[in-house]
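Trainee: I would like a close look at one part of this model. Please take it slowly and set it in its surroundings.

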Amino acid sequence: MSNNKAFAADASRKERIKEWVSRPGGFGIITGSLMFAAITLVGFIYPLVGPYAADEFVGESLEGPSLSHPMGLDQLGRDVMTRVFSAVPADIGIAFLGVTIPLTIGTVVGILLGISKNKYVVSTVSSLIDGINAFPLLIIAIAMVTFLGPGLFNVVIILTLMSWARYARIARTKAVVVLQQNYIEATKLMGYSKRRVISKHVAPNVSSESLAYALSDFILVIIIVSGLSFLGFAARPPMPEWGSMIADGRTFLGQAWWLTVFPGLAICWSAISLSFIVEGLSRRDRGNS
Amino acid sequence: MSNALVQIDSLCIDVKVTRTRRLTIVNSATFDVHPGQLLGLIGESGSGKTMLCRSLVGTLHRRGAYINSGSLTFNGIDLIKATPKEWRDIRGKEIGYIPQSALAGPNPVMTIGAQMAEAIQLGEKMDKSVVRKRAIELLEIVQIRRPEIVLKQYPYELSGGMKQRVMIACAIAREPKLIVADEPTTGLDVTVQAEIMQLLKQIRKDLNTAIILVSHDLPLINEVCDDIVIMHAGSTVEKIPSANIERTRHPYTEALYKSRIDLVEPRGKLITIKGQPPTVGDWPTGCRFAGRCDYAKPGCSADVEIPSIKIGPNHLTSCIRQAEIWGK
Amino acid sequence: MNLLEAFDVSVTFKAFGYEVQAVKNVDFVLPQGKVVGIVGESGSGKSTFARVLTGLQEPTGGYVTYLGAPIQDGKEIYKGELRKAVQMVFQDPYSSLNPRMRIINAVAEAVRVHQNPNKAEAQQIALDLLKRMGISEIDAFKYPSSLSGGQRQRASVARALSVQPKILIADEPTSAIDQSAQSQLLELFSELIKDGLSIVLVSHDLGVIRYLTDNVYVMQNGEFVETGSSSKIFESPSNAYTQKLISSIPSSGKK
């Protein structure tokens with residue numbers, strides 16, 4: 001028996017939205033989404049409309065926060081606020097790529113693996129996946145950086161190479177379960193083409209799980225990107241990026257706290273907003289089981 | 001009835017859905033159980049019968065449910081106010097429980113002997129040989145052959161019917177005054193079901209235990225039980241002696257009775273209850289069966305308290321139109 | 001005329017070195033326009049056999065024919081014709097429908113693939129079919145999780161019927177749903193039978209078998225121990241196991 005309230009199809013839009021929000025987790029999802037949307041939008045728009053450029057020297061070095069520079073100036077006289085927001089494409093954007101690319105590759109591989117009847121292929125690839133998953137992500141990332149050299153795009157490549165296996169494992173497990181369901185057998189009885197079955201029946205059910213994981217992964221990757229930049233392995237100056245800004249600001253921690261605190265807050269804001277969404281979604285799942 | 005073993009009156013059970021939202025699962029349950037009575041409790045999904053059982057064994061809190069109003073007494077003890085310590089003295093010793101065969105059942109990682117020992121001792125320390133003797137005795141009562149061997153086995157080695165017999169043995173270990181059997185034969189084959197029903201009747205006779213038998217299978221309850229309580233959408237709509245089921249005074253019972261396929265000619269016209277059972281918590285005002293009732297009039301959905309009308313010494317109904325429909 | 005026939009069918013499962021013979025050398029006939037029941041307890045092999053009849057399960061021995069032609073040619077399961085002729089309804093209503101697809105789309109998809117590729121027309125055909133199954137237009141646009149078990153079963157039947165099959169194999173269709181939903185489903189089946197559908201009904205519920213079937217096969221441990229017309233089986237069963245089954249049914253009693 002479903003727990004969903006018997007909702008008349010002609011209930012007004014407003015009522016339906018209200019109902020959706022009042023279900024468990026609604027508050028978290030909305031708050032998180034708004035917070036995340038805020039920083040992402042500001043990050044992409046502000047550098048275009050803001051008064052300064054990210055690498056423009058606009059004043060005295062190490063000037064504290066003021067009305068014209070709410071987040072102060074860094075050691076080279078650049079406006080911190082502009083730099084913090086300009087870093088969004090780097091931090092959030094690169095993290096986004098670092099999640100969506102492995103997600104796509106991994107889910108496709110996982111589904112194919114779940115469908116495959118070739119025992120040798122399945123066991124070889126599964127072992128490969130398990131092998132890759134056995135390594136701690138951050139350590140290997142640092143190691144690989146020494147081979148590939150630093151740079152944000154190299155980070156994306158590294159993340160893709162390491163992360164696809166995690167998604168593949170999730171997708172494969174779910175695919176195996178899905179394939180045992182009656183509705184998939186029904187598609188066989190219906191005589192549907194393999195292409196149709198995979199794209200319309202298997203993939204949507206598998207990807208819902210992968211997407212849920214991807215959202216949590218997003219938080220992790222943002223922190224990894226910032227972390228790698230902090231260590232000097234990813235973004236290079238003068239590119240604005242939260243991790244490297246924090247690293248640069250370290251030496252001035254005592255005198256100019258705004259150099260490290262504001263980029264740090266940006267990382268926190270992003271991670272927390274996503275966490276709200278994830279928590280809201282999992283509460284919703286629990287409440288509806 | 002002052003000699004009743006269990007008295008339930010206007011019981012209302014709510015469940016906490018979110019921090020602020022409450023859902024009423026049982027809206028008003030009223031019936032009595034007498035010592036040694038075999039009472040059938042029938043209802044479809046969403047009727048609240050499982051929650052009612054939980055309230056009788058004190059496990060409501062595990063589902064975040066709680067008794068909102070009404071009264072529930074067992075042997076004079078107020079079960080609503082019972083403390084966890086009092087429940088420990090009641091559960092298993094005074095009130096036994098047989099779970100639904102398909103779901104629970106013996107703990108898969110314990111031997112049968114270990115589980116029976118648990119059920120027999122219920123936390124008290126007893127001499128090992130005494131426990132073992134009692135366990136064999138109980139397994140014999142439930143007609144399990146070669147009990148000494150079964151004691152050493154694990155649940156996966158037993159058939160569904162045997163596992164359920166073990167659960168019954170555990171339930172009667174301390175000779176409780178009341179046993180709540182929640183769909184004990186659902187999912188079991190019909191031959192096994194017949195045997196288990198025989199067993200329950202035997203236990204009732206030998207130990208004078210009252211048994212509340214919950215099921216969705218009307219023919220089964222009709223054949224086995226003395227009296228039947230019918231639940232629909234969270235309320236007990238009728239209580240009627242089994243023998244009088246044809247003289248029902250509630251449209252839902254009548255519909256359930258008439259829609260039995262064993263009474264119809266093969267491929268004959270089936271009487272069906274139109275529509276869907278109402279979703280839990282989304283109940284309409286007034287009588288909740290009105291939307292599917294053939295006799296419904298506008299007055300049935302009025303926002304009034306649904307009464308409990310006494311027809312005979314053992315017959316209660318909650319249909320406000322019963323006199324008009326079936327005469328005085 | 002016999003629609004489906006099974007000759008000496010066996011199914012053996014192999015796992016971890018063990019071999020289990022679920023179905024042992026059984027013969028079976030489904031005459032046109034008839035309802036044949038397969039009754040047996042859980043583990044008797046009836047579900048496995050039902051799946052052999054649909055072509056989903058390959059028998060390890062023997063073969064099945066549809067209108068005289070074997071449904072399997074070596075390893076190839078006879079597609080095309082057979083897919084349109086034989087459809088199945090499963091026991092578990094909760095996994096029978098794609099949870100990410102609205103009911104209407106699940107049924108319309110089948111219509112588009114088999115009858116009419118026009119999207120709008122297919123959707124209308126699907127809606128009419130669902131209405132015939134007792135599912136309103138409003139409910140048709142919902143996701144399976146918003147419907148009750150009984151409604152989901154009827155939606156599964158609608159999907160199965162959308163390819164206009166001659167045979168419907170129903171594997172325990174009433175076991176997982178409520179009493180009132182059961183009657184509704186059985187009433188639906190009755191109507192479909194009047195419209196010419198042949199049904200193989202697999203169930204452990206003797207009441208359902210008695211109500212719906214013309215002929216019955218009684219299965220025990222992978223073998224058919226008795227077969228005959230439904231009235232004969234219920235009134236005068238000759239096999240001891242059958243007798244035990246019949247006598248275990250709760251009777252209406254108190255007359």
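In which sense do strand S11 and S12 of chain C pair, and over how many bridges?

Mentor: The model is a predicted one, and what follows should be read in that light. S11(C), which covers residues 215-220, pairs with S12(C) in the antiparallel sense, and the pairing runs over six bridges. As a point of register, Asn215(C) in S11(C) has Ser229(C) of S12(C) standing opposite.

The pair belongs to an open sheet of six strands in chain C. Its order is S8-S9-S10-S3-S11-S12, so reading along it from S8(C) one reaches S3(C), then S11(C), then S12(C). The pairing in the sheet as a whole is mixed. S12(C), residues 223-229, is one edge of the sheet, and S8(C), residues 86-89, is the other. Each of these two has a single partner strand, so one side of each is left without a neighbour in the sheet. From one strand to the next, the twist averages 15°.

As for the surroundings, chain C contains ten helices and twelve strands. Its C-alpha atoms fill a box of roughly 55 × 55 × 40 Å along the principal axes. The radius of gyration is 19 Å; a compact globule of 255 residues would have a value near 18 Å, so the two agree. Of the 255 residues in chain C, 51% are buried. Among contacts in chain C with a separation of 6 or more, 64% are between residues 24 or more positions apart.

Conventions:
Residues numbered from 1 in each chain as written. Chains lettered and ligands numbered in written order. Predicted model: local features only at pLDDT ≥ 70, side-chain atom pairs only at ≥ 80, totals over all residues. Helix = DSSP H or I, 4+ residues; strand = E, 2+ residues; numbered from the N terminus. Rg over C-alpha atoms; globule rule 2.2 N^0.38 Å. Buried ≥ 20, exposed ≤ 12 C-beta atoms within 10 Å, placed from the backbone. Contact = placed C-beta atoms within 7 Å. Pairing = 2+ DSSP bridges. Axes fitted to C-alpha atoms, helices over the stretch in contact; angles between N-to-C directions.
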